[in-house]
Amino acid sequence: MGMTRRIVPAALLSLVAAVLAVVVLPTAASARPASTRPGKLHLQTVPPLGGVVVKVDGQVARSDAKGRIQVRVRDFVDLEKRLVVPETLISPDRKVVFDRFRGNVDAGVRGKVVELGLRTSRLVSWSFIDRFGRAVPPDRVTAMRLRSNTGEIHDLSGPELAQPRWVAESRTQQGPQGLASKQLYYVVDSAMVDGTSVVNRAGQKFVPWEQQAWVVQLLFFRVSFTATDMFFTRQVGDGIELTRADGDVERLPFGRDGTALVPDLPRGTYTITVFGGGVSFGRPVSISKDQVVSLTVISAADLALVTLAVLVVAVGLVLLGRPHLLARLRRAGTAGKRDRPRPKHRRRLPTRRAGSRPRHAPADEDRPPAAVRGGIALLLLVAALAGTLLPAGDARADVGHRRADPSSATAPVPVLAYYYIWFNPTSWNRAKIDYPLLGRYSSDDVEIMRRHVRMAKSAGINGFLVSWKHTPQLDERLAKLVEVAREENFRLGIVYQGLDFARTPLAFDTVRTDLSFFATRYATDPVFDIFGRPVVVWTGSDRFTPTQIRTTVGGVRGKLLVLGNAKSLEDVESSQGVLDGQAYYWSSVDPVAGASGRKLAEMSRAVHQRGGLWIAPVTPGFDARLVGGKREVPRREGDTLRASFAAARLSQPDAIGVISWNEFSENTHIEPSERFGAADINVLADLLGVRVDVDVPVDSSEPGGPHRGLSAWGALLVTGAAVVLLPLGVLLQRRRSPTAARRGRPTDADPPGSPTDL
């Protein structure tokens, strides 16, 4: 009985111990973190690529075709430090390198897939072709610059131009749904041949992910050179000397047809001189299209003709200055008629001795010698002729800003053209029915900007109103345009794009920040000095109340002239006092069929009542149907532009805003184009009183600026005048010298005390 009592407590103790062992011990074991235990890590490469190598804890794993990787790890503690993704060549033309993880790889302990971001590089090569698809040998290209959309630059020269090259292909970035792979692209900034770039900057785009073999098109043109006599229409000369941009000189002889043909001349500016057949002045020629260049040569026949003409003029002037010589010629003409009885009424002139002065003749000291008088007259004549023969464009090459004078209704006002710097290589692939004659350019191209400015100046345009908002790309392009305008003595204003692509107004803080940036950088720059302060037209200002406008632009109005873009008289009146004026962008009006003049005049009066600036719109036509427009305003061979200009001038504007220089989507452009040529810019030039035909500066433009000095005609006349005048002056002076010497001695004819000629 006692034994039984002792056994029962022992059994109970054993049972309790067993329960504790079952319950407590597993709990203690489970307290160890899962990250410290072995496991399997699941990775997904971004982008999904096969063959990517991962090394960890002595294990090596590769991704499958979908970029999935599974690898055993001893634990997940500090796994990022132990996990190695070496640079791997996953194919002969592609390699990868580790970029980033999404989050912490310790998350893999819970069975989640960890994203492995990769940067990829591609082995690319390139070849060169001309405009007709013919191959161009790589050794003809001396240098090339490639630029990626992330700013990576590849400068290639020499043997590098014929060798494949590794370039960055993609990189990863963090997105809302995880890592995303971003493909990179490259543009050709320059390709140098004979010292000049033969590509439009950023005009050709290549995506390494899609294209491994690049084909770069080079701008070579078929150019034929001829030379003709200045006065006669015959062909002269033995050939041309062509000086390239790198200084090399090449002689090209004329063929039997009198031409020198270059089938593949690189785009650029050359100096051309004709050798053989006479005198040829070096002429700068800018080549950017297939063309025929005709040069002028001063032949021996031209020199003889001009010399004869100058001689006739010189002799005539001398005879007019020396009447007694003319009298001698007349007497010599009558010497053979001595047998004819002399009329009784004609009185014989008294003879005089050498050195004596005619009784009633004016003293020689009272007038300069005849040779001097004739020389002065001849030089004045030659100067006048040379002045008229200067190139017509040169006289207007410095057409610049003209400040409006509000006190004079007839004073000239600045003419400003709306200018767009938004064009990228792909911009010309959509919503276009016309293209510029300068080619489908990129707004990054400084040379394009320079040509635009020079064409605009030659037409009488004083400045551009540049479409802009504060982005890195547009800031860079604006800075380039400012430098070009500074060099060309050209003015700029700003059209601040306060609407996004969906025509929704930008936030007030964005507008305020952008205008503050512009004011800080350009408020004191003379390039923007049109009315004392930079002009900024705020597109979208008509969407806001006066209070909102005042709050947004109040901080910059002392530095800038902020104009609105009101579209009605009501909008003008509502914004009075909070803006410095209005610039109406009215491109879709038909000034021929409508009554636009009355509306512009009413808006102008409302603006001027508060002392604001009024920029009146002028447009050559309109067609925005490819970008959602509903109407077309035909150009009518310039009549639309003429009617629009007349309506704008009648509104008494402080400036005229030409819509536009290069808005090719709405087809309001006046830039010379494939469809309309230079017709409208020449109409505008005529309206502005600029008597010059504006054309694309490709045949004879001078990149260094307008030509200074005499033309070939002027130089020829001056040379001929010098050749004839100097010997003639010396001859006449020698003929006068003996007489002058005798006049220095008193003669019997001189009365006592009379002064002698000195």
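## Core, sheet and a buried aspartate

The largest nonpolar core comprises 93 residues, and Phe464, Leu492 and Trp661 have the most contacts inside it. Such a core is a set of buried Ala, Val, Leu, Ile, Met, Phe, Trp, Tyr and Cys residues joined through side-chain atoms within 4.5 Å; buried means under 20% relative accessible area, exposed over 50%, and partly exposed in between (1.4 Å probe, protein chains only). The model is predicted: local features need pLDDT of at least 70 and side-chain atom pairs count only at pLDDT 80 or more, while totals for chains, interfaces and linings use all residues. Residues are numbered from 1 along each chain as its sequence is written, and side-chain values use heavy atoms, with hydrogens and water left out.

An open sheet of eight strands follows the order S28-S27-S26-S25-S24-S33-S30-S29 with parallel pairing (strands, E, of at least two residues and helices, H or I, of at least four are DSSP runs numbered from the N terminus; paired strands share at least two DSSP bridges). Strand S28 (561-563) and S29 stand at the edges with a single partner strand each, so one side of each lacks a neighbour in the sheet. Four bridges join the parallel strands S26 (residues 491-497) and S27 (residues 535-539).

Contacts (heavy atoms within 4.5 Å) are listed below, leaving aside neighbours within four places in sequence.

| Residue | In contact with |
|---|---|
| Leu492 | Phe464, Val466, Leu481, Val482, Ala485, Val527, Phe528 and Ile530 |
| Asp580 | Arg557, Leu560, Leu561, Val562, Leu563, Gly612 and Leu613 |

Asp580 lies in the loop between helix H10 (569-574) and strand S29 (581-583). Asp580 is buried, with a relative accessible area of 15%.
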